[in-house]
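Student: I'm new to this one. Could you pick a single part and walk me through it closely?

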Amino acid sequence: MTARPAADEIPALLEPIVREHIPGADTARIVNWRGTERGFSTETFLFELDTGDSSSTPNTLTRLVFRRPPQVS
């Protein structure tokens, strides 16, 4: 069985996937990652996707949700 990543490890694992699948998010960063107490047995995390280029483009923040199903023993 593969080890389940800790909640604080998920943003680093999720960023490459987001960059690949969301148009215009080639250099996007996940910011403001936080868990929420809602979601019942499913873990729910709120975050923002910062798609701005710090040198020339103003930051554009998109609010997103990541839900992770409960771990099955």
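**A close look at the sheet**

Tutor: Sure, let's take the sheet. It is an open one with 3 strands in the order β1-β2-β3, and the pairing is antiparallel. Keep in mind that you're looking at a predicted model. The edges of the sheet are β1 (29-36) and β3 (61-68), each of which pairs on one side only. If you compare neighbouring strands here, they are turned against each other by 25 degrees on average, ignoring direction.

Now follow β2, which covers residues 43-50: 8 bridges join this strand to β3, and the two run antiparallel. To see one such pairing, find L46, whose bridge partner in β3 is V65. As general background, strands of a sheet pair through backbone hydrogen bonds, in either a parallel or an antiparallel way.

Next, bring in the helix. Helix α1 (residues 10-21) lies across β1, β2 and β3, and runs at about 130 degrees to β1.

Finally, zoom in on one residue of β2, namely E48. Is E48 buried or exposed? Its relative accessible area is 10%, and since buried means under 20%, E48 counts as buried. What is around this residue? Setting aside neighbours within four places in sequence, E48 is in contact with R29, I30, V31 and N32, and also with L61, T62 and R63. With N32 there is something extra to look for: a polar contact of 2.3 Å joins the side chains of N32 and E48.

Terms used:
Residues numbered from 1 in each chain as written. Predicted model: local features only at pLDDT ≥ 70, side-chain atom pairs only at ≥ 80, totals over all residues. Heavy atoms only, no water. Pairing = 2+ DSSP bridges. Helix = DSSP H or I, 4+ residues; strand = E, 2+ residues; numbered from the N terminus. Axes fitted to C-alpha atoms, helices over the stretch in contact; angles between N-to-C directions. Contact = heavy atoms within 4.5 Å. Buried < 20%, exposed > 50% of the residue type's maximum accessible area, 1.4 Å probe, protein only. Polar contact = N/O pair within 3.5 Å; in protein donor to acceptor, adjacent residues only side chain to side chain.
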